[in-house]
Structure formats: structure tokens, C-alpha cells
Amino acid sequence: MVTKRATVSATRASSRLTAKTDSSNNNVAVEEVTVASSSTVTTTSTTTTKSAKRVAQDADDEEEEETASTEDKDDDDYAGGAAKKQKKTSSTTAAPPALKKQKSGAKVPIRANSHTNTAMPNSLVLPKTPDNCIKITSWNVSGLNSSLKKGFKTYITAEDADVICIQEHKVQQPLLNIVDPKVYPFSWWGFEEKKGYAGVAMFCKTKPISVTAGLPTHPNPACTKGRIVTLEYPTCYILGCYVPNAGQELVRLKERMVWDKAMKAWLLDLKSKGKQIIWTGDLNVCHKPIDLRNPSTNSKSAGFTPEERAGFSEILEEVDLVDTFREIQGTGEEVAGQYSYFSYRFQCRIKGIGWRLDYFVTDQELYKERVVESVIREECYGASDHVPVVLVIKGEL
């Protein structure tokens, strides 16, 4: 599917530390849940509400494509109403054939062997973590309660990552037993004050040295608690992040620009401490035209505005970071059509109309010395409108 980058040097071995997690942040909407311990968390069963989904403005007048805007999936006021439910279809084929044209000029996936399943495969066999390596997965689950009913655990079990980062869980308290507590004894949750909105969580096999909730460099750090969790390990920082969307008609674009400035400041602060950086999550931007199906019609759509793209470029350049997937893949036509998000609407998954919004960004040193693989799990669609992205690095955290 993709060309792996060969690793070029040995990595620094580090012993896992078990120092106490930093608990200096008062009133932080992130809770550490050590599931293996005797402590318990009371969980109530919440009914999944019908929430609005991000829809892609991938209009093509000549092909009679419907048009919609790229709204934040949190935003209940997006144009067009609630997302249409898809009928579940069983798909276990590793590389299904390209969709046949149903009419002259109808859109089909760019790549001949693109996955077009609309339900999570019943059986998943994914590559095991290589020896002496660490695997990290990141996934916007677009509502955890809903995802749990549609294949969340199937993917988590098959991937067997060392660190799991999820975004947009949309719950107000930790949910127990969504992962095996014996495998992932440590978890941290970030919650949004608004019910059914945003939220991030991290599940780890190894306890970090410290945990930071929210974005300390933001003018209003309290509003960022459901958007980012930073884990400190002996060799690196891992940032699980759900970047705010610019919103319908770009009403929140200024807020997004404030976030980008604060994010850059936080990354620079972490880098000054001498450790490597892994920044992952739904970063809500398509950096290059190759990162979405229809760039020509989306220059005013949230996620592909000049302002958002420039903000992301500034972070990469000034902090000296690398978009690992794009760096490995390149930008040629032969690698086009690889996306991490497909709207539930307008059969975007089947047509291959997608956006690459989910990333693993690292510092140059880590990329050159430790990155083994950075991939999109294209076949793992159906439990969310996003698919997971995965990073494999040499050495220990």
C-alpha cells in the first residue's frame, strides 16, 4: 500500500520510569483511571444522541455532486441536517476492486484498490509491532458510545498498540472496560464542558512521568481541557490532540488562529526541554492539495482555508517538525487518494471523496532516527467517519 521509510540509525534505549503523574493542575477536566487498581469510577449509560457530522464540500457541477461544507462534527448547527445513517455491510476483503461507474462521469476512488467498505470488517488481521519498537495509534471515534457498537473493540484488539489516542469521544466521564485493563492499566481523559462535544483520551501500557491537561499557553486554558492531553515519557512527549474546527462559514476561524499560535508556543516549550515530540490526532487541516479529493472547490471550507494551512506550515517550520505520513509518501500522483476522513453523507466513502485530517507529526531527530512506519489504516472504516492512523518507532518511549 505504501513505501516504508528505512530507519537510518539506532535509537536511544531508555528505562521505563514510574514517577508519579504530575497532579499540579487543579480543576483539570482530565482524570487518570488506573483500571487495574481497586478504585472504581461510576459510569452511567448514556444514550447516543443524533449529532451532526462533518460533511465535505466536494461539489462537482458537471458530475452533479451534492455540495456541503466541512463543519465541525461537534456543531449541531451545520447546514443540511443530521448525517444519514449508513447500512452496515460486512467487508473482510483486504483490497476490494475499484467501484464501477454507475453513470457517465460518476466519481470513483482515485486508486484502483481503494477500500470502499462502509462497516468495520468483522475480522481484522493487522501487522504486529516489530521487535524493539513502539506502536502508537490515533483515532477520531466520532462519539465513543456509538463507535463501541460498530467495531471499536475489533480494531483496538487487532492493532494492539502501546499507546492509544482517541479524539471526539463526546462523553462526560470515563467509560470503563472499553480497552482491556490488564493490557492498558493507565488512562487519562479530557472532557469538554459542553455535553456531547469534543473530548480526548489516552490509554497506555506504560505509565508516563507526567500528564498535562489542556493547552497551558492558550489565553483561556480552561476551554482546552477537552482538546489535548500531553504525556511525558523518558525520551519524548506524546500529545493527543483534537484541534478546533473553523466552523460553518468560518465563524470560528479567528479562534482557530489563536489555537494555532498557542499550539506552536506549547510545542516550542516542550522542545526546549530536550525531549523528542510526537504530536498526533485530528488536527483538522488538509495541509496540501493532495490531502483532499477536491482541493479546487474547498479553498473557503473549514480545514482547507489559506489561513489554516499557513498556520500549520508555520508550526512545522518554526518548531522544525515533520508530517511523517506525507514525508514518507511524497506528493506524486501515484500516492494520491489516501485519506483519513470520509463523510457519512453522499456516499463519500464509496466514491473515495475524503480528507486527510489525522496526523503523526514529529521532530526532525525522531523522524530521521526512529520512525519505522507511518500509515493510515484505510480498511478500518465503519466505527467512525475517520479511520485510525498509526506510527511505529524504534526504541522505547
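Which side chain does the side chain of Tyr242 make a polar contact with? The legends below begin with that view; keep in mind that this is a predicted model.

**View 1. Tyr242 and its surroundings in strand β8.** The side chain of Tyr242 makes a polar contact with the side chain of Glu168, at 3.5 Å. Tyr242 counts as buried because its relative accessibility is 0%, and buried means under 20%. Look also for Arg227: it sits 15 residues away from Tyr242 along the chain, yet the C-alpha atoms of the two are separated by just 4.9 Å.

**View 2. An open sheet of six strands.** Trace the strands in the order β6-β7-β8-β9-β11-β10, and you'll find that the pairing is mixed. At the edges are β6 and β10, each of which pairs on one side only. Neighbouring strands in this sheet are turned by 15 degrees against each other on average, if you ignore direction. Now zoom in on β10 and strand β11 (residues 358-363): these two run antiparallel and are joined by three bridges. One residue to find here is Leu321, whose bridge partner in β11 is Asp363.

**View 3. Helix α3 packed on the sheet.** This helix touches β6, β7, β8, β9 and β10, and its direction makes about 165 degrees with that of β8. How far apart are the end C-alpha atoms of α3? They are 27 Å apart, which agrees with the 27 Å that 19 residues (253-271) should span at 1.5 Å a residue. If you're wondering why 19 residues don't give a longer span, it's because the expected value is 1.5 Å times one less than the number of residues. The buried residues of α3 include Leu253, Trp259, Met263, Trp266 and Leu270, and also Arg256, Asp260 and Lys264. Among the elements that cover the buried residues of this helix are β7 (228-232), β9 (276-282) and α4 (306-319).

**View 4. Inside the largest nonpolar core.** This core has 36 residues, and those with the most contacts inside it are Ile136, Leu231, Ile238, Ile278, Ile393 and Leu397. Pick Leu231 and look around: leaving aside neighbours within four places in sequence, Leu231 is in contact with residues including Trp188, Met202, Pro208, Val211, Tyr237 and Ile238. Another core, of 29 residues, lies apart from this one, and Leu144, Ile166, Ala201 and Cys380 are among its members. As background, nonpolar side chains tend to be buried together in soluble globular proteins.

**View 5. Two loop residues with positive phi, Asn132 and Asp160.** Most residues other than glycine have a negative phi. Asn132 has a phi near 60 degrees, and its place is in the loop between β1 (30-32) and β2 (133-140). Is Asn132 buried or exposed? With 70% relative accessibility, Asn132 counts as exposed. Asp160 has a phi near 50 degrees and belongs to the loop between α2 (152-159) and β3 (163-167). Asp160 is partly exposed, since its relative accessible area is 39%.

**View 6. Lys351 in helix α6.** The helix covers residues 348-351. Where does the side chain of Lys351 reach? It reaches the backbone oxygen of Phe346, at 3.2 Å. Lys351 counts as buried because its relative accessibility is 15%, and the cut-off for buried is under 20%.

How values were computed: Residues numbered from 1 in each chain as written. Predicted model: local features only at pLDDT ≥ 70, side-chain atom pairs only at ≥ 80, totals over all residues. Heavy atoms only, no water. Helix = DSSP H or I, 4+ residues; strand = E, 2+ residues; numbered from the N terminus. Buried < 20%, exposed > 50% of the residue type's maximum accessible area, 1.4 Å probe, protein only. Contact = heavy atoms within 4.5 Å. Polar contact = N/O pair within 3.5 Å; in protein donor to acceptor, adjacent residues only side chain to side chain. Pairing = 2+ DSSP bridges. Axes fitted to C-alpha atoms, helices over the stretch in contact; angles between N-to-C directions. Core = buried A, V, L, I, M, F, W, Y, C linked by side-chain atoms within 4.5 Å.
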